[in-house]
Amino acid sequence: MLSPCEAVRTLPPYHTPQGGRDGLRLDFNENTVGCSPCVLARLRQISPEQLARYPEREPVEKAVAEFLGVRPTEALLTNGVDEAIHLLCETYLESGDEALIVVPTYSMFRIYAAATGAQVIEVPTEKDFRFPTDDLLSRITPRTRLIAIANPNNPTGTVASQEELLRIARSAPSAAVLIDEAYFEFCGLSMLDYLREIPNLFVTRTFSKVYGLAGLRIGVLLGNSDQIRSVRHVCSPYNVNAVALACLPDALADQSYITQYVREVCEGRERLQDTLESNGIPFWPSQANFVLARFGSSEFIQKMRQRGILVRDRSSDHGCEGCVRITLGPRLHTDRLLAALQETLQELGIAQGVSRP
Ligand SMILES: Cc1ncc(COP(=O)(O)O)c(C=O)c1O
């Protein structure tokens, strides 16, 4: 009987968004209102010829590189950041290698690394999900070939400083050090400036979050030109579809849309955190478009769903017992969220205060 290879047999499943997500979707860190109208206008102009041809990644790759201030040889467009993580694992990991990740974190790091047969070593965050720099440094060995870090981290929203990340990258020159900046726009902290100085450093950015293009699947892997050339060897020449490639330049051009969205999310994040604080709900100050909070009751998620708000149960993540992750959107969505939150806390008998208007 055919059976998958051993590394794959033991992989945990990733839980994707399920059908029946009726309501305000604050459960997968998506943009809650969608992309710029300029992207929708472009979509309406897609021609049959564009769909008939194999997609040409190169011109858009060039435009994205220019936008990010890197050379085209330092950028590879990917089918979402997920594919970038997958490609890095394929390029650098094999059985017997070690991959270091900090937990809790984004699940796909572990899944793609483990699928190569490499040993995944989980380094727990410190108290309050602080980045475990010293612990991580102490786990680097000659067999360490990948270190994957989400910054800001998902699901905690916490960040590691540039100094901490530089120490790690410089201490593991034989490892690909990935800094996944999927939530960059909500915090502004980046390692992009260090790509040329540190040849084993990689940065990813996604267009799934603030740009509202999760359904088109497009992201970018950035790194030293020589390393990116190696990654291209394992990448499909047509990994990014023609519709995503047609739309991305329009999405990038409308930066006022992005700035406005980020502003409203950051204001909402403050309002949510203030509300949690005044109600005595433990939470971790976030630098991303979501907040992790400990409600301690699985009923909370159900009650919010009954009020039309979907939030994500993170209680099975390392150190996240009783925790829920709530995505922020623009002002109107924050208003709906806070109204439902206040009612739910009252119903469950855990409300202590009133939310800021
Ligand atoms: C840290 C992190 N990286 C990557 C992704 C996925 O990005 P993409 O949609 O570009 O594959 C997510 C999505 O939740 C994420 O949280």
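Which helix provides the largest share of the lining of the second largest pocket? In this predicted model, that share comes from helix α5, spanning residues 80-92, which contributes three residues. The pocket encloses a volume of about 510 Å³. Its lining comprises 27 residues, and those lying nearest its centre are Tyr14, Phe28, Asp82, Tyr106 and Lys209. Sorted by class, the lining of the second largest pocket consists of 11 nonpolar, seven polar and nine charged residues.

The largest pocket has a volume of about 770 Å³. A total of 32 residues line this pocket, with His15, Arg312, Arg314, Ser316 and Asp317 closest to its centre. Several secondary-structure elements take part in the lining: β3 (98-103), α6 (107-115), α12 (299-306) and β11 (309-313) each supply at least two residues. Among these elements, β11 accounts for the largest share, with four residues. The class composition of the lining of the largest pocket is 13 nonpolar, 10 polar and nine charged residues.

Enclosed space was examined alongside the open pockets. Rolling a probe the size of a water molecule over the atoms reveals where empty space remains. One cavity of 30 Å³ or more is present in the structure, and the space within the largest cavity amounts to about 90 Å³. Fifteen residues form the lining of this cavity, of which Val102, Phe131, Ile149, Ala150 and Asn153 are nearest the centre. Strand β5, covering residues 144-150, gives the most to this lining, with three residues. By class, the lining of the largest cavity contains nine nonpolar, five polar and one charged residues.

The packing of buried nonpolar side chains was considered next. The largest nonpolar core contains 81 residues, and the members that touch the most other members are Ile147, Leu248 and Phe295. When residues up to four places away in sequence are excluded, the contacts of Phe295 are Leu276, Ile281, Phe300, Gly322, Val324, Ile326, Leu341, Leu345 and Ile350. A second core, separate from the largest, holds 31 residues, including Val81, Ala84, Tyr112 and Ala150. Ala150 is thus named in two settings: it belongs to this second core, and it is one of the residues nearest the centre of the largest cavity. Ile147, in turn, is one of the residues with the most contacts to other members of the largest core, and its position falls within the residue range 144-150 of strand β5.

Methods. Residues numbered from 1 in each chain as written. Predicted model: local features only at pLDDT ≥ 70, side-chain atom pairs only at ≥ 80, totals over all residues. Heavy atoms only, no water. 1 Å grid on protein atoms, 1.4 Å probe; cavity = no way out; pocket = protein on both sides within 12 Å on 5 of 7 lines; lining within 4 Å. Points joined across faces, edges and corners; volume = space filled by probe spheres on them. Nonpolar A, V, L, I, M, F, W, Y, C, P; charged D, E, K, R; others polar. Core = buried A, V, L, I, M, F, W, Y, C linked by side-chain atoms within 4.5 Å. Buried < 20%, exposed > 50% of the residue type's maximum accessible area, 1.4 Å probe, protein only. Contact = heavy atoms within 4.5 Å.
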